[in-house]
Each structure stands twice: as structure tokens, then as C-alpha cells.
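Dear colleague,

Here is the structure for your files. My notes on it follow below.

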Amino acid sequence: MMPILIALAAGCASALMFASIISGALVSLLLFYLAPLPLLVAALGWGTTGAVVGGLVAGISLGALFGIPYFITFAVTVVLPACLLGHVALLARQLPAPAASGNDSAPQPTTVTEWYPVGRLVAWIAGFAALTTMAALFTLGTDAATITSALRGGLQRMLGARDATDAADIADIAKLAGAMAVVAPAAAAIVATMMLTLNLFLAAKIARISGRLHRPWPDLKATELPPMTLAVLSAAIALCFLDGLPAMFGQTSTAALTIAYALAGFAALHTLTLPIRHRTFVLSSTYALVMVFGWPVLAMVALGIADAVLGLRHRNVLRPPPPPSPV
């Protein structure tokens, strides 16, 4: 009964955090983005099946209180990413063990366990971020013009267009809201990717501290995206040059994959700086620049793409040592 009770409690906590956005308080936005965290902890520590049951029970209760659209949104944006990410994070396969050296007489295992790569988890996160962002946008309308108009109207209300009395101020607010409405889908995808990554990291840390994480902690600096991710990014960029919903989907997908390559770039930076004497200063300065200014993250995106194309880590740091010279 304990796993079932834990899963139900996790589902209720996620539903309450999700529903807190109704209050309109600023802290509710943080709780809304952290809503998948309890379900992720339950999935990683007590199994995906219980997390699915707990999430669906909480979602049905949410739908009974606030309506079917809330249940659908909660299921798509919270339950589905949390349960699937928790499931794939625990996937593993058995591979033949490498041959032991000739002078080692100890018995060696015949197989080794290969756990699901972190890079593929990051790719899943980017896909879920694009999916949930588009699902949220479809609640505003079924075409790009309606969605953009609804975003523009909401942003104008947030910027205080109703309280403005001067015609020039109203026009400036309308222009600003229009510009923000154009970039809002991409910005939402970026935030969704970052927060879903943070949720998975925190859930794994919590499960590890509690002794419930059923896989070893991965080497995060070895994170590499699947090779096909670059082709998907190219296709998403091409969609950005179209009109309507394809362009909007291309923008959200491009933004999510860009953050995924930024994470791969940080992993590459951690690996490439291993031989550097002042590695701690380089890493801390890079993180400080990204957190303060924001735009230096583009350098990490470029590094992640360059590493994917050129294999910088394997060429410079991870390449095997040369064979010993003959005596």
C-alpha cells in the first residue's frame, strides 16, 4: 500500500501546484512550473505505474472541480512528461562485458548494464517542452492569428493598457505587446525546457538522497544529444520561415532544441576544461556570465553544435592514449 499512497500523495501535490496558477500570485508561477516534480520523484523512486495512477486520479479530481480542459492540460503538461521521463530514465540493457586483461585472474562479469543516456533524456525534455507549449497555445485558439491576438490582448492587460489615459502611451503599450506576442511562444518553450530539466535533476537528487534511485548517478559532463537531433533542429529552423501554425511550431521546437544544445555545450565545456589548470575559475566565470547577461548562452549553443558535428570532446580529451612505442 505504501507505493500507492505515495503516488496518490505525489499526484495531489502536483495537482495543487498546477492549480495554484489560478490565484494569480507571482509565486504560483514557480509552483506551476515545478508541478511535475512530485510525480517525477514518485516515478523514479517507486515506479512509473504508481505515478501514472496517482497523476490520473489527481487529474480527474482537478477536472471534476474546474472542468475537463484543466484535466486535459494537467495530463498533457504534467502527468505525461513526468511519467514518461521517469520511465525512460530507468531503462537499461545488458551488454557483453569487455574482455579482461590477461594478467587478471579474478572472475569477471559476463555482462555490463548500460543505462539510458542522459543526452537522450535531454532530447526527450526538448520534445516535451515543445509539445506542452503548443498544447498551452492551443487553449487560446486553433490558428496562429487567433493565438497571437489572444497573447497580445493578455500582454496589453498585463502592461496596464486599461489604466493608460494618454493615446501615445496606449499606442506604445500596444506595440510592445505585439512584439512580445511574437516571441512569447519561443520564450515559453525555453522556460519549459529549463524548468523540466530542473525538475528531472531535482527529482533524481531527491530519490538519490533518499536511497530510492534505481540507477547509478550519470556522468553529466558526458551528455551528448542523439545525432538525429541536429537534423530535427535544421527542419525546425526551416519551418520558422513558413506562415501560420507551422512557423509557430518551428519557433517553439527551435527554442527548445537550442536550450538542449546549450546543455550539451556546458557538458562539452566541463570536459574540454579538464586539462586546464584554472578550470574552476573558467567554469564559474562562464556560469556567472550566462546568469547575469543571458546572451553568452549562445556561445554554449555554438559549442554544443560544434561538438556534435566535429566531436571536440573525443578528439581533444576523450581520445584513447597512443600505443606504447616499441623498445
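Confidence in this predicted model runs from a mean pLDDT of 78 in helix 13 (residues 312–316), the lowest, to 94 in helix 9 (residues 228–239), the highest. pLDDT is the predictor's confidence in each residue, from 0 to 100, and helices are DSSP runs (H or I, at least four residues), numbered from the N terminus. Over the protein the mean is 85, with 89% of residues at 70 or more.

Local features need pLDDT of at least 70 and side-chain atom pairs 80 or more, while totals for chains, interfaces and linings use all residues. Residues are numbered from 1 along each chain as its sequence is written, and side-chain values use heavy atoms, without hydrogens and water.

The largest pocket (an open set of points on a 1 Å grid where a 1.4 Å probe fits, with protein on both sides within 12 Å along at least five of seven lines) holds about 1500 Å³ of space. Its lining (residues with an atom within 4 Å of a point) has 34 residues, and Leu29, Phe32, Tyr33, Ala136 and Ala188 are the closest to the centre. Helix 8 (167–209) gives the most to this lining, 10 residues. Helices 2, 5, 6 and 7 also supply at least two each.

Trp295 sits in the loop between helix 11 and helix 12 (297–310). Trp295 counts as exposed because its relative accessibility is 61%, and the cut-off is over 50% (1.4 Å probe, protein chains only).

Regards

Methods:
Buried < 20%, exposed > 50% of the residue type's maximum accessible area, 1.4 Å probe, protein only. Points joined across faces, edges and corners; volume = space filled by probe spheres on them.
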